[in-house]
Protein chains: 2
Amino acid sequence: MITVAIVEDDQDIRESLALLINGTPNFNCVGTYNSVEKGVKGIMKEQPDVVLMDIGLPGMSGIEGIKILKEKEPEIDILVLTIQSDDRIVFDALCAGACGYLVKDTPPAQLLEAIQESHEGGAPMSTRIARLVVESFQVTPQTNLTNRETEVLTHLCKGKSYKMIADDLCISEETVRRHIKNIYRKLEVHSKSEAVAKAFKEKLVKL
Amino acid sequence: MITVAIVEDDQDIRESLALLINGTPNFNCVGTYNSVEKGVKGIMKEQPDVVLMDIGLPGMSGIEGIKILKEKEPEIDILVLTIQSDDRIVFDALCAGACGYLVKDTPPAQLLEAIQESHEGGAPMSTRIARLVVESFQVTPQTNLTNRETEVLTHLCKGKSYKMIADDLCISEETVRRHIKNIYRKLEVHSKSEAVAKAFKEKLVKL
DNA sequence: AGAAAAATCCCCCTTTCGGGGTATGGATTC
DNA sequence: GAATCCATACCCCGAAAGGGGGATTTTTCT
């Protein structure tokens, strides 16, 4: 038996989800909430196995709700179910602790499967979302850094000083300085920490 | 009709995969290869829609194969099918350009579904793999940094100088220095770039 | 209420960085 | 054969960072 809670502001959707869940053997809806605030409170009390969470609600956003719930009840699996599919929102939701992400046109059978999968330690995602997530790993080193410069940047990203890099690469510290000057110019940054930050954010180096 | 190629060193597995695919309407196996080297060559010629790629082959590894193929034929979807499921290998494969990742105990029906899904722009993953991938987004601040220190670290990770951080937080530069001293002690680092590197690697901050 | 932790501020001093020039040999390209 | 890019190396100098102290106030926890 899998217990499910629903956070969703649209009454029609909320009720049909509850009907679907309660109408399926081994699924039981133990709470429906029309706001994140009520949801958080109720879910802490009911301790469902899985939460279906909408994102774009009036009041507190679903993302915030995920953060709070994950903070207080890390064992509960939170599955996002929403119309929104902006890249930013998808990643925010996952970073906040969602275990999966479905868009709202998911057919009932698949929705039930996804709930089951969440509860079994999976991470169900709609087709497009899954591809988005996977592609986020793929590196596009779209800079014109030379090989040597990339090498130096990699060392910077390990927190090395000019002197250490010079020793590692067996070149003079002055040359390291020169490479770094060029890196800064190309990345349009003005300090080591900015360069490291940019390198990580744009996946310019692989560690 | 979806055309598929298989790279797999075990003859039994290779042949039964080919049989499965050719025995299914709308699926057509256009090449089977027992090594990555042969696979790359053949796949560039045959231009299949989807490649089933093993990882642990003798000779060139599947990861390398993915990199090369994605470099030359970015349109072809590469679906990893392997027994290996080390975290490191999963992420390496996805970073190299795989569009999905299945472990070898996947039942035939699901395998066919996954091929279809790959071709439709999805990213099929086995249950455990999907969770692994999703969890990689989640921040685990298992450090004893205080709120303020985390805040300062976040600014460091944007490449800010002491002075800029002081202005942003409306505190004296000396206080910023003090926080940073404490951060360095707790993270066991000795420079901004090291701190930023560690913060990114351990996902201590969210940007 | 009292203790502990966190956040704030100040001083000293040395090392490292970052920006400015300049130069030379080798490889590649045109 | 000239032009360009890359990697190497050096100088100067001021600003920023980092390590060592110490001190006060505010918050938090018990």
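**DNA strand D**

I began with the atoms of DNA strand D that lie within 4 Å of the protein: 54% belong to sugar or phosphate, and the rest to bases. This is a predicted model, and I read every contact below with that in mind.

Next I looked up who surrounds DNA strand D. There are 17 residues around it, and A:Ser172, B:Arg177, B:Lys181, B:Tyr184 and B:Lys192 come nearest. I sorted the residues of this surface by type and noted 3 nonpolar, 7 polar and 7 charged. Helix α9 of chain A and helix α9 of chain B each supply at least two of its residues.

Then I checked single polar side-chain atoms. One on A:Thr146 lies 2.6 Å from a phosphate oxygen of DNA strand D. One on A:His179 lies 2.9 Å from a phosphate oxygen of this strand. For B:Arg178 the partner is a base oxygen of DNA strand D, at 2.6 Å.

**DNA strand C**

I turned to DNA strand C. Here 18 residues surround the strand, and the closest are A:Tyr162, A:Arg177, A:Lys181, B:Thr146 and B:Ser172. Of the strand C atoms within 4 Å of the protein, 56% belong to sugar or phosphate, with the rest in bases. By type, the residues of this surface divide into 3 nonpolar, 7 polar and 8 charged.

Which chain B side chains have a polar atom by a base nitrogen of DNA strand C, and which by a phosphate oxygen? B:Glu174 has one 3.5 Å from a base nitrogen. B:Arg178 has one 3.4 Å from a base nitrogen. B:Thr175 has one 2.9 Å from a phosphate oxygen. The elements giving two or more residues to the surface near DNA strand C are α9 (173-187) of chain A and α9 (173-187) of chain B. The largest share, 5 residues, comes from α9(B).

I made a separate note on B:Arg178. Its side chain has a polar atom by a base nitrogen of DNA strand C and a polar atom by a base oxygen of DNA strand D.

**Helix α1 of chain A**

I left the DNA and looked at α1(A), residues 11-22. The helix has 12 residues and reaches 16 Å from first C-alpha to last, close to the 16 Å expected at 1.5 Å a residue. At its start, a side-chain oxygen of A:Asp10 comes within 2.9 Å of the backbone nitrogen of A:Asp12.

Which residues of α1(A) are buried? I found A:Arg14, A:Leu17, A:Ala18 and A:Ile21. They sit on the same side of α1(A) because they cover an arc of only 100° around the axis. The general rule helps here: an α-helix has 3.6 residues a turn, so residues three or four places apart point the same way. The face turned away from the buried side carries the exposed residues A:Asp12 and A:Leu19.

I also asked what covers the buried residues of α1(A). The cover includes β1 (2-7), β2 (27-33), β3 (50-53), β4 (77-82) and α5 (108-119) of chain A.

**B:Ala5**

My last look-up was B:Ala5, in strand β1 (residues 2-7) of chain B. Is B:Ala5 buried or exposed? B:Ala5 is buried, with a relative accessible area of 0%. Leaving aside neighbours within four places in sequence, I listed the contacts of B:Ala5 as B:Gly31, B:Tyr33, B:Ile43, B:Pro48, B:Val50, B:Val51 and B:Leu52. I also took one distance: B:Ala5 and B:Ala123 are 118 residues apart in sequence and 17 Å apart in space, C-alpha to C-alpha.

Notes: Residues numbered from 1 in each chain as written. Chains lettered and ligands numbered in written order. Predicted model: local features only at pLDDT ≥ 70, side-chain atom pairs only at ≥ 80, totals over all residues. Heavy atoms only, no water. Helix = DSSP H or I, 4+ residues; strand = E, 2+ residues; numbered from the N terminus. Expected span 1.5 Å × (residues − 1). Buried < 20%, exposed > 50% of the residue type's maximum accessible area, 1.4 Å probe, protein only. Arc of directions from axis to C-beta. Contact = heavy atoms within 4.5 Å. Polar contact = N/O pair within 3.5 Å; in protein donor to acceptor, adjacent residues only side chain to side chain. Near = heavy atom within 4 Å. Nonpolar A, V, L, I, M, F, W, Y, C, P; charged D, E, K, R; others polar.
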